[in-house]
Amino acid sequence: MDSDYERLGRPSVSLDDIRRFRQLGSKAPGHPEYHWVSGVETTTGPLGQGVATSVGMAIAQKWLASRYNKPGYEIFDYNIYAVCGDGCMMEGVASEAASLAGHLGLDNLCWVWDNNHITIEGDTRLAFTEDVASRFLAYDWNVLRVGDANDCDRIEHALTVFRKTKGRPTFIVLDSHIGYGAPHKQDTPEAHGEPLGEEETRLAKRSYGWPEDAKFLVPEGIYDHFKAGIGRRGGERREQWTRLFEAYRQQFSELALEIEAMQRRELPAGWDRNLPTFPADPKGLAGRDASGKVLNVLAQNIPWFLGGSADLGPSNKTTLTFEGAGQLQGTSPGGKNMHFGIREHAMGAIVNGMSLSKLRPFGATFFIFSDYARPAIRLSALMELPTLLVFTHDAMGDGEDGPTHQPIEQLASLRAIPGLVTLRPGDANEAVEAYRYVVQLRHKPAVLALSRQPLPTLDRSRYAPASGVARGAYVLADAPGGNPELILIASGSELSLAVEAHEQLVAEGIRSRAVSMPSWDLFEHQPQEYRDAVLPPKVTARVAVEQASTFGWERYIGAAGRVVGMHTFGASAPLKALQEKFGFEPDAVVTVAKELLKSATAPACR
Ligand SMILES: Cc1ncc(C[n+]2csc(CCOP(=O)(O)OP(=O)(O)O)c2C)c(N)n1
């Protein structure tokens, strides 16, 4: 796997890579990393994440089969296998995902639990004594047991039962011994994370009947054995599939084109057809409402664009309402409306699994609960997957819900994830442009933070076009004649507030410029000249307005600037009262701006 997409016909990991295990540049890194070697289907390492991702892969396989398979043409006919450890069984994300997999009856999914009873601190009895098998039975999985990890016949039998089981995922409990064959380390935590050591390695090799002194030994005949076995079988299967797909292309050319575009992460022609443009409107539209309209257009134009919410669809406005959108359920695996249930973490991982299978999935919840999905979002970025998370209620717009529901540090925290595009559009047209941008991403995930409350739709005949969103920040309104002495910078829900303050300042003869900055990440990627044109270095009087943690804003406002932001958690009250309490009103912003200008022009103390 590389940025040109899977390339076949060359070795993925060399023996030398394995010799250089965990060394810089080795293709055998500490944990399996997608993008680094072909054959690694997902990055794992944070326990539970891999198995949760496998549920997304299983959902995707069924969705793909449902849309593209035709009688005699089983184009998508694979199963998904995941091997998991005790740690995976303890992690909540695995339980969330297993619960949904059971609900959806994903009979294409098989988890094999390496039940060796050992984790880092010792025996799992230290902290883990539940009956895991019963738990999975309760999730409505088919639970099988193989009492000895070395019993290949029993393993084969269990896998055969899996392949024959319909309507339920399969969970195989495989009893095993960590460090098997190492006489002093077997069944101990030392076998988990430390090298066995020279002597113990020798003894382990002896117990296998392996040459004791040889290192990185590939015995005579192994390559031939592989070539004649897995190699030949794999080659034949691939050829068979390629022939089938060629025949499929003859019969179903449109669908074949879709499959190929999807594999390359390209969009179909006309993907942006009917994207709305919203007329100026002082009352405006909520970011979530604009988003809902755009999602419904995109999901119609892009056949493999689908998703849903963690039980907040009506609030996130993510429900796909067009005819034929359908529900994605066990009995209708080809639907487009997903219901993740209240399982944000699993949602993040499932979206990753779907994206790894080349669909364009989205997940949704309140922005505050992005925290619950964050580990999976981080992995989307690490894997360079074009996933999309739609987070609504971007600030204090949910007023009465109070501080538990009001995001403060979430923006700063997501902005800190390398490679993640975090976008907080400031009006309905910026929301459209945000989607237009992110849906074209092929190797980056994106997060949208959208308002709950209506935001004025800015008059674009008066202000700069919303297409500036694609550059991360743009001059929305400038000082008359240019040459500003003050810059107001805002994003999302506070954009119209900054515009009002700007108008007031200009009316008072202050040369103010209003900059809309929906995405730090995109702005950082612009050439220096562009960034300097938007934020001229010589203008040091800068005020950022954002209903969120002020953390990080120094980079744009400099040492002399001020942030109208949040320094505490929010509070439970109607939005208007909160705006007043926390200083998010035009007059308050104007006051801060004037103070700043005054201090900048005050004579220096002697
Ligand atoms: C989310 C997460 N928490 C903690 C760790 C650190 N960690 C790595 S391995 C491990 C123990 C895993 O035990 P098990 O799954 O039984 O693996 P085994 O000992 O069989 O190799 C822990 C706690 C991690 N990788 N991911």
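What distance separates the centres of domain 2 and domain 5, taken over C-alpha atoms? In this predicted model, the answer is 51 Å. To place those two, look at the domain assignment of the chain: domain 1 covers 1-40, domain 2 covers 52-176, domain 3 covers 218-263, domain 4 covers 281-456 and domain 5 covers 471-601.

Now zoom out to the whole chain. You'll find 22 helices and 17 strands in it. The radius of gyration comes to 28 Å, close to the 25 Å that the globule rule gives for 606 residues, so the chain is as compact as a globular protein of that length. If you'd rather think in box dimensions, the C-alpha trace spans about 90 × 65 × 45 Å along its principal axes. As for burial, 43% of the 606 residues count as buried. The contact picture is worth a look too: take the contacts with a separation of 6 or more, and 74% of them come from residues 24 or more positions apart.

Let's go into strand E11, residues 446-450. This strand is mostly covered, with five of its five residues buried. In a regular strand, side chains alternate between the two faces of the sheet. Here Ala446, Leu448 and Leu450 point one way from E11, while Val447 and Ala449 point the other way. Both sets are buried.

Which strands does E11 pair with? One is E9 (residues 388-392), which pairs with E11 in the parallel sense over five bridges. To find the register, put Leu388 opposite Ala446 in E11. Another is E10 (residues 421-423), joined to E11 by three bridges and also running parallel. For this pair, Thr422 stands opposite Val447 in E11.

Getting from E10 to E11 takes you over helix H16 (residues 428-438), and the three elements make a right-handed β-α-β unit. H16 itself is mostly covered, with 10 of its 11 residues buried. Charged and polar names turn up on that buried list, including Glu430, Glu433 and Asn429. Ala428, Ala431, Val432, Ala434, Tyr435, Tyr437 and Val438 are on it as well.

Another helix to visit is H11, residues 287-301. Its 15 residues reach 21 Å from the first C-alpha to the last, close to the 21 Å expected at 1.5 Å a residue. Buried positions in H11 start with Gly287, Arg288, Asp289, Ala290, Ser291 and Gly292. Further along the helix, Val294, Leu295, Leu298 and Ala299 are buried too.

Finally, a couple of backbone oddities for anyone who likes a Ramachandran plot. Most residues other than glycine have a negative phi. Asp140 has a positive phi of about 75° although it is not a glycine. You'll find Asp140 in the loop between helix H5 (132-138) and strand E3 (142-146). Lys317 also has a positive phi, near 60°, and is not a glycine either. Its place is the loop between helix H12 (313-316) and strand E7 (337-339).

Is each of these two loop residues buried, partly exposed or exposed? Asp140 has 16 other C-beta atoms within 10 Å, so it counts as partly exposed. Lys317 has 24 C-beta neighbours inside 10 Å, and therefore counts as buried. The cut-off at work here is 20 or more other C-beta atoms within 10 Å for a buried residue.

Methods: Residues are numbered from 1 along each chain as its sequence is written. This is a predicted model: local features need pLDDT of at least 70, side-chain atom pairs count only at pLDDT 80 or more; totals for chains, interfaces and linings use all residues. Helices (H or I, at least four residues) and strands (E, at least two) are DSSP runs, numbered from the N terminus. A residue is buried if 20 or more other C-beta atoms lie within 10 Å of its own, exposed if 12 or fewer, and partly exposed in between; C-beta atoms are placed from the backbone. The expected span of a helix is 1.5 Å times one less than its number of residues. Two strands pair if DSSP finds at least two bridges between them. A crossover is right-handed if, with the strands pointing away from the viewer, the path from the first strand over the helix to the second runs clockwise. Domain bounds come from an automatic or database domain assignment. The radius of gyration is taken over C-alpha atoms; the globule rule is 2.2 Å times the number of residues to the power 0.38. Two residues are in contact if their C-beta atoms, placed from the backbone, lie within 7 Å.
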